[in-house]
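The following exercises ask the reader to work through a protein structure step by step. Each task is followed by a worked solution.

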Amino acid sequence: MLDALRNSAKSWVVKLFLLLLVLSFGVWGISGTVFQGAGNSVVTVGDTRVTPIEFRLAYDRQVANLSRQFGTRLTREQARAMGIENQVLIQVAMNAALDEQSRRMNLGLSEGRLATLIAEDPIFQGIDGRFDRSTFSNLLRNVGISEEEFVVSQENTAIRSQIVEAISDGYKAPKTLLQAVNQFDNETRTLDYVVLNPDIVGTIAEPTDEEIKTYFEDNKTAYRAPEYRKIAYVTLRASDLADPAAVADESVRSDYETYADRYRTPETRTVEQLSFANDDAAKAAADKLAAGESFEDVVAAESKTMNDVLLGTFERQAIPDQAIADAAFAISPAGATSGVVEGTFGPVILRVTAITPENTKSFEEVEDSIRNDLALVEAENILLDVHDAYEDARAGGETLEEAAKKQKLTPVIIDAVDRTAQTPDGEILRDLPESRRLLAEVFDTDINVESAPINLGADGFMWYEVQDITPARDRTLDEVRTRAIDDWKREQAATALGKLATELQKRVKDGEELSAVAADQGLVTETKYNMKRRDEDAVLGTAAVNAAFAGPEGLVAVADDAGGTSKILMQVSSVSTPDASEVASLQPGTDQALSRRMGDDMLTQAISLMQTDFGVSYDPAAAELAISSGR
């Protein structure tokens with residue numbers, strides 16, 4: 001979030017870091033006493049007020065940003081569950097504190113400077129590198145912000161950044177801190193370990209009726225049937241409209257003749273080139289070849305290998321030296337050599353080892369492909385007409401299926417699907433177009449509600465509707481008995497494995513050798529050398545690596561393996577800590593990152609002090625109304 005404040009002068013959409021914002025509640029001491037009325041403002045800091053429209057704009061931007069990150073449109077309920085409303089309240093309150101501070105300091109920005117900042121933003125520039133008015137307008141329209149709102153926002157952002165940079169820039173992490181971080185990051189450990197698989201505890205007996213009933217009741221929500229929805233959708237893409245059979249034979253033949261070069265593959269030759277220091281050496285080699293000596297022997301006599309003389313396989317026009325190209329494509333047959341050729345860089349002798357003749361595909365070979373391409377072009381030309389005709393039919397009262405069939409489109413009916421694209425029988429529908437977005441919108445609407453189409457790529461559309469809803473419900477034990485028994489067995493095996501691992505850990509702690517304890521179970525110990533805290537290991541996994549660094553040399557620990565199904569019993573056999581004076585082995589950029597964090601800490605404290613001095617009040621009711629009513 002502090003990075004967002006730093007970068008806001010360079011970015012026209014403020015990016016919010018969720019984790020830091022959540023932590024911000026603790027940092028700034030937001031409590032029930034802060035939420036007081038503030039007139040027609042959502043947030044008031046001193047004399048600076050955040051209007052409902054400004055709050056709604058910030059809220060919509062944040063929801064849009066996160067929706068793009070997650071690849072699906074967030075519903076109001078999902079946004080509330082993520083705490084976005086409260087996070088945006090904190091964001092705008094921080095900005096308001098900086099605005100109030102800049103107002104009291106009489107900070108400002110000239111119109112010329114503001115215009116320059118906007119014009120220099122690469123996102124608003126055309127291909128010529130200059131500010132492009134149409135690009136500017138289109139981008140603002142796409143994110144739902146007027147030009148006036150954007151200019152005011154940029155002005156406030158630029159002024160704000162003066163305070164942000166003055167407070168947070170210029171810090172340098174002290175060497176002592178860098179040394180401590182280096183010792184932490186680059187400490188290495190060697191550990192002996194054994195993997196305890198679930199099979200080691202033996203076969204788990206079948207549960208009794210009472211055991212499985214109790215287990216099912218305790219975990220009933222895990223077996224709950226999700227909400228299913230019956231949906232219909234129809235796609236409109238050029239491929240949906242294309243009718244190759246309607247393309248006239250004359251059109252196909254004409255296209256073939258017009259673009260015949262597309263179907264021609266030029267002749268290629270594999271060429272070897274033996275270069276010489278002067279004409280005399282080249283002529284001597286040519287004489288040897290003429291006398292019957294092999295090209296390989298001549299190459300060897302020049303102290304070169306066959307790899308040294310291989311140029312490659314080329315079309316004629318791909319050889320940059322015209323003299324060499326002409327000579328290479330005059331050689332016949334394959335395996336023959338040229339005479340001495342005066343190349344750009346001196347005399348050479350060429351050999352062609354392979355010739356692939358020019359080839360032109362016949363009309364019959366490409367007829368179907370051309371016909372399909374022409375059909376797609378025609379479909380693209382009428383796609384928007386079909387789109388409008390479909391929309392008109394729906395507006396006239398026709399159902400999705402009726403409107404689709406009238407336009408020769410194929411409606412698709414799915415009897416039941418949940419939010420994860422899974423059907424009641426467990427099948428995952430992998431071929432749903434725009435699956436994540438479609439399902440997000442399907443579960444955010446109601447039965448027979450006509451919604452705006454979803455865009456498919458740059459020029460496609462998909463209409464959809466919900467035809468029925470099957471509410472979520474609790475399944476009975478009989479419906480899921482097999483699955484519940486399997487889950488119960490896995491839980492029992494995991495419990496037994498954990499108990500065994502703890503018992504073996506105690507034996508090692510009490511002085512037995514890990515190798516001996518492993519041997520009692522028919523297992524063999526393995527060793528990992530020089531591991532660091534941040535290492536990723538496919539066997540141990542994060543939990544076990546963290547456990548290995550949770551104590552001193554000799555530590556005996558148990559942790560889950562990388563897959564989460566087995567246990568790792570380990571013993572740290574050695575620890576190596578870097579010299580305290582060393583910092584050279586730190587990851588590149590670590591000192592800059594730490595310096596930046598120090599600046600961020602100072603900025604956090606400064607904004608907190610501003611809010612304390614100016615006073616902050618929130619009006620949750622105004623925020624709720626702003627979100628509910630829209631802009």
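**Exercise 1. Determine how β8 and β9 pair, and place them in their sheet.**

Step 1. Strands β8 and β9 pair in the antiparallel sense over five bridges. Two strands pair if DSSP finds at least two bridges between them. Helices (H or I, at least four residues) and strands (E, at least two) are DSSP runs, numbered from the N terminus. The model is a predicted one, in which local features need pLDDT of at least 70, side-chain atom pairs count only at pLDDT 80 or more, and totals for chains, interfaces and linings use all residues. Residues are numbered from 1 along each chain as its sequence is written, and side-chain values use heavy atoms, with hydrogens and water left out.

Step 2. Val340 has Ile349 of β9 as its bridge partner. The connection from β8 to β9 is a hairpin through two residues.

Step 3. The open sheet has four strands in the order β7-β6-β9-β8, with antiparallel pairing. At its edges stand β7 (310-315) and β8 (337-343), each of which pairs on one side only. Direction ignored, neighbouring strands of this sheet are turned by 35 degrees against each other on average. Axes are lines fitted to C-alpha atoms, for helices over the stretch in contact, and angles run from 0 to 180 degrees between N-to-C directions.

Step 4. Strand β6 (residues 268-275) runs antiparallel to β7 and is joined to β7 by five bridges. Within β7, Gly312 stands opposite Val271.

Step 5. Helix α13 (residues 279-290) packs on the sheet and touches β8 and β9 (346-356), with a direction at about 40 degrees to that of β9. Contact means heavy atoms within 4.5 Å.

**Exercise 2. Find the peptide bond that is cis, and locate its proline.**

Step 1. The cis peptide bond joins Ser332 and Pro333, with omega at about -5 degrees.

Step 2. Pro333 belongs to the loop between α16 (322-328) and β8.

**Exercise 3. Describe the sheet with the order β11-β4-β13-β12, and name the helices that lie on it.**

Step 1. This open sheet consists of four strands, and the pairing is antiparallel. The edge positions belong to β11 (412-417) and β12 (454-456); each has a single partner strand, so one side of each is left without a neighbour in the sheet. On average, and with direction ignored, neighbouring strands of this sheet are turned by 30 degrees against each other.

Step 2. Nine bridges pair strand β4 (residues 228-236) with strand β13 (residues 460-470) in the antiparallel sense. Opposite Lys230 stands Asp468 in β13.

Step 3. Helix α17 (residues 363-395) packs on the sheet, where it touches β4 and β13, and its direction makes about 30 degrees with that of β13. Helix α19 (residues 435-442) lies across β4, β11, β12 and β13 and runs at about 45 degrees to β13.

**Exercise 4. Classify the packing of α5 and α23, and list the residues that make the contact.**

Step 1. Helix α5 (residues 84-104) packs against helix α23 (residues 590-614) at an angle of about 75 degrees, and their axes are 9 Å apart.

Step 2. Therefore α5 is roughly perpendicular to α23. Angles under 35 degrees count as roughly parallel, over 145 as roughly antiparallel, 65 to 115 as roughly perpendicular and the rest as oblique.

Step 3. From α5, the contact involves Ala93, Met94, Ala97, Leu98, Glu100, Gln101 and Arg104, while α23 supplies Ile607, Met610, Gln611 and Phe614.

Step 4. The contact of α5 with α23 has seven nonpolar, two polar and two charged residues. Here Ala, Val, Leu, Ile, Met, Phe, Trp, Tyr, Cys and Pro count as nonpolar, Asp, Glu, Lys and Arg as charged, and the others, Gly among them, as polar.

**Exercise 5. State which charged end sits over the ring of Phe363, and which residue lies over the face of Tyr259.**

Step 1. Over the ring of Phe363 sits the charged end of Arg253, 3.8 Å from the ring centre. A charge sits over a ring if NZ of Lys or CZ of Arg is within 6 Å of the ring centre and within 35 degrees of the ring normal.

Step 2. Over the face of Tyr259 lies Arg262, at 3.9 Å from the ring centre.
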